[in-house]
Structure formats: structure tokens, C-alpha cells
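New to this one? Here's a quick tour to read with the structure open beside you.

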Amino acid sequence: MAKLRLVHRCSDCGATHPKWSGKCTACGAWNSLIEDVEGPDDSLVSLAAGMALVPAGEPAPIDSIDASIGAPVATGIAELDSVLGGGLVPGSVTLLGGEPGIGKSTLLLQLLAAAQGKTLYVTAEESAQQVRLRAERLGALKDSLWLLPEMSLPHIVRAIDDVQPTLVVVDSIQTVADPELGSTPGSVVQVRGCAHRLVQEAKRRNLPMVLVGHVTKEGGLAGPRVLEHVVDTVLSFEGERHHALRLLRAAKHRFGPTNELGLFEMTEAGLVGVPDASSLFLADRRTGVPGSVVVPTLEGQRPLLVELQALTNPLSGGVQPRRSAQGVDHGRLSMLLAVLERRARVSLAQHEVYASVVGGIKLNEPGADLGLCLALVSAITNTPLPADLVVCGEVGLAGEVRQVGHISRRITEAARLGFTRAIVPGNSPDTQSGIKLQKATTLSEALAAAGLAHEPSKG
Ligand code: TYD
Ligand code: MG
């Protein structure tokens, strides 16, 4: 029998350390090491943690394999279906990750209520009463939705046998435990072991399952990253707690592309899909204000118009000026400030700089660079950009404006919302959208096209 030894495992990255320390040397996370056991071969722990000792199948020629089980079944929640590429695949296990309070339980209760046939909600965190009250508020009270308040894995598996549901939700995987595994609930051994076991049960019954996984502030799935390898699909549910907007993305998807974005709004009556997000993002926009620009961005296949804002504030000498970025990458902002200074002679060295994306969305694509540059210059020169203008393009270190993907899709979305002018990279193809394209190959050309003076005003 293999001997197990005590290790300290990082709950963020899964790395093991012989000794406890405050910081994981593998991924840099703080206070993430927890006690765990490990065999001479780590796979032994997985075995002990729920892998069946019976073989999962027989070898067979590849062309004899029936692939038809892979067809997704629509969930009835359009935004979720578009992220999943059609719906949930029978027998698949999906992990829904997100920070506490973001709306995971709400979304899944709505999913179960929308599903055809009998469904089972395993609540391992909240009481049955709490879930019922929420279901009442969501209009999700249906006699086909079954509820099980349970934390013990064997009981959950037995309930699946009894209820014979067509869809199961386990909320959350971190609070489910298998007494046979010995380790404390929430430990890596427990979370991984229970997930393994649930995956087997899902596959065996050809039953789709969704597991909730809480995410730490740093963004990792609390408990093991290893879970991501165990399941078929990893969805992340994001958003700012103080904004109603929620974004659903696939971080991993065995059955389709991972670049679709689903958008929801948290309302009194639960989560409501937002098919027209651009209108929502621009609803509170005030035109004629310096530092504001509208950027046509792309999330997966989906064009989105978002407002970017910049504010600059002159400082009198000596102090290190503050740079604050919300929704845009801090490093990217610093780089663009340097490019503006060196390539367009716009210096913000003596100014505090604040940049923010409106609506709680994060702009990770370089296509927003040019918009951010123009917003910064608009702010420092106190010159509003034209209200009917959108701006897109990547900015290189030489001050060149570089091409971005799917320009016509972005411009078409801008036209739909009534914009009539666009500053775009020099070699952009012409579009039939009716929008006047102003092509710029350098940052200076783009500033001129936007009617922004080169020299910053003093004060
Ligand atoms: P919840 O689904 O419990 O989040 P999670 O499971 O990710 O922890 O949602 C929590 C928040 O959502 C809570 O602060 C209240 C809010 N909420 C609404 O605004 N409207 C609703 O209809 C519901 C059910 C929740
Ligand atoms: Mg919850």
C-alpha cells in the first residue's frame, strides 16, 4: 500500500510544498496553502478520491464511436445558450465560477426552472427555505424543480437515483463532502474527489450537471485549479457588485468555442438577458464632455459600444502623479501615456490621470488603445470629442495605428446606434455602413482627425 504523506497544497494553483509558508512560491498567492495528503504518485489520491476501479470502457476503432451524444440541448436562457454554443450537452459537467454574491445561485435556479422535465437543485450552502423564497421571487416555483438540502456526496448520488432528474445543479462543490475521503470539507482532496465522482455519475447517466465554484478575490477558483481539468466546461460569471451588469464567459469548453460573451442584468426579478448591450452602456452618456469617447469593441463575436472616460488633473511639481485605471489595464495605460509623450508630444507627466470604462466592463483588447489616447488628449486639452464619433485602433510603440479585427462588424454596430463618423486604422477596408471613415495611420493623424490640438493647454 502506498504511503501517504502530509503536504501543503496551494488552493489557487494546486502546487505542493513540503512546508507551510505564507506565500505560494509557485504562483505567488498569499495565505493559500492548506494541509493535504499526497501519495508517492499523486494519481493515487485521485483514485482514492472517487475514480472507479472498474474500467470506463473498452478499446474500439475510432469510426465505430457514436458521437451523437454530443449535441447540445437548449436551456431556454438565450444568453447562456449562446455562450455554450447552443445549450448543455447531455452527460457534460459545467463548472460555474464567480465571486460570492455575483448571482450564480440565481442564474442556476432560473436555469432549472426553464428546463424541460424534472430537475434537481442540491443546495449545500443555503437552506431549502432560503432557496424556496428566492424561487418565489424569481417566479421559479415549479413542481418539476426538486430541492435537496444536502452536503454529503453519497446522499446526493442516491437522490439522483431516486429523483431521476434531467438536469442537476450542485451549489456549491466546495461545500459538498464525501465522508470516505476523510479530509475536511472544502479541502483540495474533498473538492477534487467529489467533482470526480459527480463527473462519473453524470457520464454514466448521460445527465448534464452544473457545479457552482466560488472564486477568490484574486480570480482563481477557490479550492483547486485542478477542478478545471475534471469538468467539460468552465464558465465564469463576472461583474462589479455595484453594477447590475453581469458577464458570462466560457474559460474552457469541450464542445465549442470559448469566445462568446453572455450579458445579463440583475433585476428585482432575477437575471434578465441583455441582447442590446450597446444601448445599455451608452444610456447615461453625456455628450460634449471632454475626456469621453465611444469605442466599438468586440467580445467574442459580439460587437459592443462602450464609453471610455479620462480625467486629468494638473499637479504642481515634485510629487509622483497618480495613475488610476478602471476597466483598462494599468500597464497598457502607462504605455499609452509614454507613447503620447514621445510620439505625439502630449505630456501628462505633471498630471494625475484617471481612466475608466463605464458600466463595470473590462476592456482587454488593444483595439481600445486609440480611443483611450484620444480620451486622454481630449481631457488634457479640455476639448470634447464630436458626439457622433467612435474610435478604434491599436496603438504601437512607434505611435502607429494598427489594424484591429472585424472592423466592419464594429462599425455596423456603431451605425445601428446612430453614430456617423469613425476614426479607424489606416488600412481598414471600406464598409457599407453609411458611416464616414476617417483613416489614421499614426496617433498624430488620429488626433488631427478628431480635432484635438497637439499642444496641451496649461492648467
Ligand atoms: P446569488 O445568486 O445568491 O449569488 P451567488 O450564488 O453567486 O453567491 O445572488 C446574490 C445577489 O443577487 C444578492 O445580493 C441579491 C441579488 N439578487 C437580486 O438583485 N435580484 C434577485 O432576484 C435575486 C434572487 C438576487
Ligand atoms: Mg450562491
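How far does a polar side-chain atom of R134 lie from an oxygen atom of ligand 1? The answer is 2.9 Å. Keep in mind that this is a predicted model. The rest of the briefing goes from the ligand to the main sheet, then on to the helices and a hairpin.

**Around ligand 1**

- K104 also has a polar contact with the ligand: one of its backbone N or O atoms sits 2.8 Å from an oxygen atom of ligand 1.
- G270 joins in through its backbone, with a polar atom 2.9 Å from an oxygen of ligand 1.
- On its own, ligand 1 would expose 560 Å², and the protein buries 72% of that.
- Three elements, α3, α4 and β11, each give two or more residues to the shell around the ligand.
- In total, 16 residues surround ligand 1, and the closest are G101, K104, S105, T106 and T267.
- Sorted by class, that shell has six polar, five charged and five nonpolar residues.

**The nine-stranded sheet**

- Nine strands make up an open sheet with mixed pairing, and if you walk across it you meet them in the order β6-β5-β7-β8-β4-β9-β10-β11-β12.
- The edges belong to β6 (145–149) and β12 (270–273); each has a single partner strand, so one side of each is left without a neighbour in the sheet.
- On average, neighbouring strands here are turned by 25° against each other, ignoring direction.
- Zoom in on β9 (residues 233–238) and β10 (residues 245–253), and you'll find an antiparallel pair with six bridges.
- Within that pair, E238 has L247 of β10 as its bridge partner.

**Helices lying across the sheet**

- Helix α3 (residues 104–114) lies across β4 (93–98), β5 (119–123), β6, β7 (167–171), β8 (209–214), β9, β10, β11 (261–267) and β12.
- Relative to β8, α3 runs at about 170°.
- Helix α4 (residues 128–138) lies across β5, β6 and β12, and its angle to β6 is about 150°.

**A hairpin at β1 and β2**

- Strands β1 (residues 5–10) and β2 (residues 16–17) pair up in the antiparallel sense, over two bridges.
- R9 is the residue to look for opposite T16 in β2.
- Five residues lie between the two strands of this hairpin, where G14 takes a positive phi near 90°.

Conventions
Residues numbered from 1 in each chain as written. Chains lettered and ligands numbered in written order. Predicted model: local features only at pLDDT ≥ 70, side-chain atom pairs only at ≥ 80, totals over all residues. Heavy atoms only, no water. Pairing = 2+ DSSP bridges. Helix = DSSP H or I, 4+ residues; strand = E, 2+ residues; numbered from the N terminus. Axes fitted to C-alpha atoms, helices over the stretch in contact; angles between N-to-C directions. Contact = heavy atoms within 4.5 Å. Near = heavy atom within 4 Å. Polar contact = N/O pair within 3.5 Å; in protein donor to acceptor, adjacent residues only side chain to side chain. Areas by Shrake-Rupley, 256 points an atom, 1.4 Å probe, with all protein chains shown as cover. Nonpolar A, V, L, I, M, F, W, Y, C, P; charged D, E, K, R; others polar.
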